[in-house]
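Here are a few exercises to work through with the model open beside you. Try each task before you read its solution.

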Amino acid sequence: MQQEIPYKIYLEEDELPYSWMNLRAYMDKKPAPLLDPATMQPITQEALSKVFCEELAKQELDDTTKLIEIPKEIRDFYKMYRPAPLVRAYCLEKKLGTPAHIYYKFEGNNTSGSHKLNSAIAQAYYAKQQGLKGVTTETGAGQWGTALSMACSYFGLDCQVFMVKCSYEQKPFRREVMRTYGAHVTPSPSTTTAVGRKILEEFPGTNGSLGCAISEAVEASSRDEGYRYVLGSVLNQVLLHQSIIGLEAKTALDKYGVKADIVIGCAGGGSNLGGLITPFMAEQLEGKAKYQFIAVEPATCPTLTRGTYAYDYCDTGKICPLSKMYTLGSGFIPAASHAGGLRYHGMTSVLSELYDQGLMEARAVKQTEVFEAAEYFARIEGILPAPESAHAIKVAMDEAIKCKETGEEKVIVFGLTGTGYFDMMSYEKFHDGKMVNYTPTDEEIDTAIAKLPKF
């Protein structure tokens, strides 16, 4: 009966959640099941366990358990940097002259620099429990790769990271942090895998994409005995682990009698946004409250705002399971924007389903506007945000300015998912006036969508 008890009971004395919250269990209409690429039928736990760790495969397919206990070893690790602070942006409110109350959940107070560590340590733990030698993965901006390398180092696991080529070149210091923690980092697409060589042949000179890097990582895990593939976003299991963000945020608001009106997060694959909104959305689905949820994505990769809701491959090489999601097509390779963590062609099935039901809205923003907001925030609030996080900052500021115009005293909560101290080459491009905005044409998107799998 654990799942029937309110999550508050599952908080330790230090306000660290005792359980993760599974948002799918609160949804009447569940996300569509993953499909096995070999049979095009719903994938089984046995088949999924050949790709992921056994316990993670089980979590991936769980649509009914509302609360899943966090193992003590993971809770003990979380105590190094959690609970993460929920901060009221008094200085920003004053500068904007808004009656709105702005709060941000800051996830950058750990060595990896972002929220990604919440799931990385969980996935590394389950790999260790299974007796594996190591794991393989992809990384976009490098935040996930950094987090996973840190987690693997903690548990003594080998870590192989395929880093999207443009980010590998733009963010050399994040790459070096991974290597400091013992990870092997390869720019993707590479010549070390069959799928990498195929992608290079089809797209010579490509900057790569998360879809490409995922394909390489999956291939690498399948050829090396004692390895499994792990993913930093998109999957149901990742949203489950990241629910700790929203649970802490809502607990802090409840403690002081504050109710959010608007909840905002940047959206690439959906891990941080899904984690942040989980307890708020669960409450809304139960009819206990009403919120406005906003997903903010880059105009260079407008998955929700211009994508199609359909089954698609989760990777460019078409070797991973298929997911029903808002997608631009697995073959779509976004322009080399500076928010590398948001350059994924699809959106997690949970958020896709919620968006399709009209329970969440989405906005696409240009990267120069994002960096203007990032710089403004840094000068006023004293935190240099990651480019990904700055997407949420941009829209939070937009909503606060609307409140100024209408006189409404709304409570705005957004996710500040990480710091931008390893993204200074991107800030340099912005300051030197060399940053450009790119929006894909309808023809580019239509071409990729036309290649969606047919049933």
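**Exercise 1. The nonpolar cores**

Find which residues touch the most other members of the largest nonpolar core in this predicted model, then follow the contacts of Met360.

Solution. Step one: the largest core holds 97 residues, and the ones touching the most other members are Trp20, Tyr78, Ile277 and Met360. Step two: set aside the neighbours of Met360 within four places in sequence; Met360 then contacts Leu273, Ile277, Phe293, Ala295, Leu304, Leu351, Leu354 and Tyr355. Step three: look for a second core, separate from this one; it has 34 residues, among them Val365, Val370, Ile380 and Met397.

**Exercise 2. The six-stranded sheet**

Work out the strand order of the open sheet of six strands, and say which strands stand at its edges.

Solution. Start with the order, which runs S3-S4-S14-S9-S10-S13 with mixed pairing. Strands S3 (86-88) and S13 (361-365) each have a single partner strand, so each has one side without a neighbour in the sheet; these are the edges. From one strand to the next, the twist averages 25°. Now zoom in on S9 (residues 262-266) and S14 (residues 411-416): they pair in the parallel sense over three bridges, and Ile262 stands opposite Ile412 in S14. Finally, add the helix: H11 (residues 236-255) packs on the sheet and touches S3, S4 (101-106) and S14. The direction of H11 makes about 140° with that of S4.

**Exercise 3. The four-stranded sheet**

Repeat the analysis for the open sheet of four strands.

Solution. This time the order is S7-S6-S5-S8, and the pairing is parallel. The edge strands are S7 (184-188) and S8 (227-229); each has a single partner strand, so one side of each lacks a neighbour in the sheet. Ignoring direction, neighbouring strands are turned by 20° against each other on average. S5 (residues 134-139) pairs with S8 in the parallel sense over three bridges, and Gly134 has Tyr227 in S8 as its bridge partner. Helix H6 (residues 143-155) packs on this sheet, touching S5 and S6 (158-164), with a direction about 165° from that of S5.

**Exercise 4. One side of a helix**

Which residues of helix H17 (residues 424-431) are buried, and why do they lie on the same side of H17?

Solution. Taking buried as under 20% relative accessible area, you should find Ser426, Tyr427 and Phe430. These residues cover an arc of only 100° around the axis, which places them on the same side of H17. Next, ask what covers them: the cover includes helix H15 (367-381). Just after H17, notice Gly433, which has a positive phi of about 70°.

**Exercise 5. A glycine in a loop**

Is Gly341 buried, partly exposed or exposed, and what does it touch?

Solution. First locate Gly341, in the loop between strand S12 (322-327) and helix H14 (349-356). Its relative accessible area is 30%, so Gly341 is partly exposed. Not counting residues up to four places away in sequence, Gly341 touches Gly140, Ala141, Leu210, Gly268 and Glu388.

**Exercise 6. The whole chain**

Judge how compact the protein chain is.

Solution. Begin with the inventory: 18 helices and 14 strands. The radius of gyration is 20 Å, close to the 23 Å that the globule rule gives for 455 residues, so the chain is as compact as a globular protein of that length. Then check burial: buried residues make up 63% of the 455.

Key:
Residues are numbered from 1 along each chain as its sequence is written. This is a predicted model: local features need pLDDT of at least 70, side-chain atom pairs count only at pLDDT 80 or more; totals for chains, interfaces and linings use all residues. Side-chain values use heavy atoms; hydrogens and water are left out. Two strands pair if DSSP finds at least two bridges between them. Helices (H or I, at least four residues) and strands (E, at least two) are DSSP runs, numbered from the N terminus. Axes are lines fitted to C-alpha atoms, for helices over the stretch in contact, and angles run from 0 to 180 degrees between N-to-C directions. Contact means heavy atoms within 4.5 Å. A nonpolar core is a set of buried Ala, Val, Leu, Ile, Met, Phe, Trp, Tyr and Cys residues joined through side-chain atoms within 4.5 Å. Buried means under 20% relative accessible area, exposed over 50%, partly exposed in between (1.4 Å probe, protein chains only). The arc is that of the directions from the helix axis to the C-beta atoms. The radius of gyration is taken over C-alpha atoms; the globule rule is 2.2 Å times the number of residues to the power 0.38.
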